[in-house]
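Work through the exercises below with the coordinates open. Each task is followed by a stepwise solution.

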Amino acid sequence: MEIMKCPVCGQALEPINRIWRCENRHSYDVAKEGYVNLLSAHKSGDTIGDNREMALSRRDFLNKGYYQPLAQAVTECLEKYSSDGDTVLDICCGEGYYTAYAAERITRRFYGFDLSKNMVRLAAKRKAPARFFVANIASIPMLDGSVKAAFHLFAPFHAAEFGRIIADDGVIVTAIPGRDHLYGLKEILYDQPYRNDEKEPLAEGLTVRERIRVQGEITLDNSEDINALFQMTPYYYHTPSRGMKRLEEQTTLTTPIEFVLIVYQKA
């Protein structure tokens with residue numbers, strides 16, 4: 001059963017060889033890396049979202065396992081709330097680390113998408129058993145109620161759209177930063193470091209089924225990894241110059257990591 005829909009007319013998309021096509025003959029080519037661009041025609045995805053350098057930096061950082069506790073917790077949630085063969089969607093998948101991690105451990109029909117073609121291209125290159133596509137989170141090209149479990153890590157929350165694609169008995173797992181997440185990094189960046197408020201997203205039409213706290217500590221022993229972590233955070237866009245200078249002088253960094261996973265279902 002196909003679950004993708006045409007971003008132009010909304011009809012079901014069927015993969016035929018290396019083309020996804022709907023009954024109205026709108027078609028989308030599969031790129032050589034294996035992904036499909038389902039953004040509207042006037043947007044290519046090349047200049048939207050993270051650039052290639054940032055995508056590569058994020059991939060290399062995550063591949064070193066710094067956030068493995070989060071990947072493991074997400075995988076355990078997916079295993080708990082879905083069964084073999086169910087559809088699982090990685091919302092804003094980035095370069096595919098979390099999907100690849102889960103796909104190595106549980107058997108599901110994995111899909112993933114991101115707004116950035118640079119990210120999706122890297123995700124597809126992982127050769128995980130998953131279908132990756134470029135799309136907008138505000139208009140996900142999947143049929144209503146077609147997803148049994150979705151996960152959504154540190155990206156905008158679109159409750160109505162998430163509720164539309166999730167099956168009546170499905171769930172969506174989201175992650176927010178825990179109170180002490182990256183406090184060691186903030187001690188370097190800011191004269192007065194602050195702890196996170198653990199504010200949960202507005203989730204109208206959804207109800208919380210479970211909350212799971214994930215904690216750990218990581219040590220980064222080179223400036224390349226420290227800078228890669230910094231680029232992955234919102235602090236990258238609003239850090240004072242003196243904080244940036246302090247960070248540039250660091251060759252090691254030890255910091256707590258802390259996440260709160262929230263499992264939502266339809267209200």
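Helices and strands here are DSSP runs, numbered from the N terminus; a helix (H or I) has at least four residues and a strand (E) at least two. The model is a predicted one.

**Exercise 1. Overall form**

Task: Count the helices and strands of the protein chain, then compare its radius of gyration with that of a compact globule.

Solution:
- Step 1. The protein chain holds eight helices and eleven strands.
- Step 2. For 267 residues, a compact globule would have a radius of gyration near 18 Å. The protein chain has 19 Å, so the value agrees with that of a globule.
- Step 3. Now the extents. The C-alpha trace spans about 60 × 40 × 30 Å along its principal axes.
- Step 4. Turn to burial and surface. Of the 267 residues, 50% are buried. The exposed area is about 12,900 Å², with 45% of it supplied by carbon and sulfur atoms.
- Step 5. Take the contacts in the protein chain with a separation of 6 or more: 66% of them join residues 24 or more positions apart.

**Exercise 2. The three-stranded sheet**

Task: Give the strand order of the three-stranded open sheet and find its edge strands.

Solution:
- Step 1. The order is β1-β2-β3, with antiparallel pairing.
- Step 2. β1 (14-16) and β3 (27-29) are the edge strands, and each pairs on one side only.
- Step 3. From one strand to the next, the twist averages 25 degrees.
- Step 4. Check one pair. β2 (residues 19-21) is antiparallel to β3 and shares three bridges with it. Opposite Ile 19 stands Asp 29 of β3.

**Exercise 3. The eight-stranded sheet**

Task: Trace the open sheet of eight strands. Why is one side of β4 and of β10 left without a neighbour in the sheet?

Solution:
- Step 1. Read the order: β4-β7-β6-β5-β8-β9-β11-β10, with mixed pairing.
- Step 2. β4 (36-37) and β10 (206-220) stand at the edges. Each has a single partner strand, so one side of each lacks a neighbour in the sheet.
- Step 3. Find a parallel pair. β5 (residues 87-91) and β8 (residues 147-153) run parallel, joined by four bridges. Leu 89 has Ala 150 in β8 as its bridge partner.
- Step 4. Find the antiparallel pairs made by β11. Seven bridges link β9 (residues 166-177) to β11, and Val 171 faces Gln 265 there. Another 14 bridges link β10 to β11, with Gln 215 opposite Glu 258.
- Step 5. Check the cover of β11 (residues 253-266). Ten of its 14 residues are buried, and the strand is mostly covered.
- Step 6. Add a helix. α4 (residues 117-125) lies across β4, β6 (109-114) and β7 (130-134). The angle between α4 and β7 is about 165 degrees.

**Exercise 4. The nonpolar cores**

Task: Which residues have the most contacts inside the largest nonpolar core, and which helix gives the largest share of this core?

Solution:
- Step 1. The largest nonpolar core has 44 residues. Tyr 67, Leu 78, Tyr 98 and Leu 261 have the most contacts inside it.
- Step 2. Helix α2 (residues 68-81) gives the largest share, seven residues.
- Step 3. List the contacts of Leu 78, leaving aside neighbours within four places in sequence. They are Val 88, Ala 102, Ile 106, Arg 108, Phe 110, Ala 149 and Phe 151.
- Step 4. Another core of 33 residues lies apart from the largest one; Cys 22, Leu 89, Ile 166 and Tyr 264 are among its members.

**Exercise 5. Two residues compared**

Task: Is Thr 87 buried or exposed? Then decide the same for Gly 178.

Solution:
- Step 1. Place Thr 87: strand β5.
- Step 2. Apply the cut-off. Buried means under 20% relative accessible area. Thr 87 has 6%, so Thr 87 is buried.
- Step 3. Look at the contacts of Thr 87 beyond four places in sequence. They include Ile 3, Arg 109, Tyr 111 and Ser 146.
- Step 4. Place Gly 178: the loop between β9 and α6 (183-189).
- Step 5. The relative accessibility of Gly 178 is 0%, so Gly 178 counts as buried.
- Step 6. Beyond four places in sequence, Gly 178 touches Asn 196, Glu 198, Arg 213, Glu 258, Phe 259 and Val 260.
- Step 7. Finish with a distance. Gly 178 and Arg 195 are 17 residues apart along the chain, and their C-alpha atoms are separated by 8.5 Å.

Key
Residues numbered from 1 in each chain as written. Predicted model: local features only at pLDDT ≥ 70, side-chain atom pairs only at ≥ 80, totals over all residues. Heavy atoms only, no water. Pairing = 2+ DSSP bridges. Contact = heavy atoms within 4.5 Å. Axes fitted to C-alpha atoms, helices over the stretch in contact; angles between N-to-C directions. Rg over C-alpha atoms; globule rule 2.2 N^0.38 Å. Buried < 20%, exposed > 50% of the residue type's maximum accessible area, 1.4 Å probe, protein only. Areas by Shrake-Rupley, 256 points an atom, 1.4 Å probe, with all protein chains shown as cover. Core = buried A, V, L, I, M, F, W, Y, C linked by side-chain atoms within 4.5 Å.
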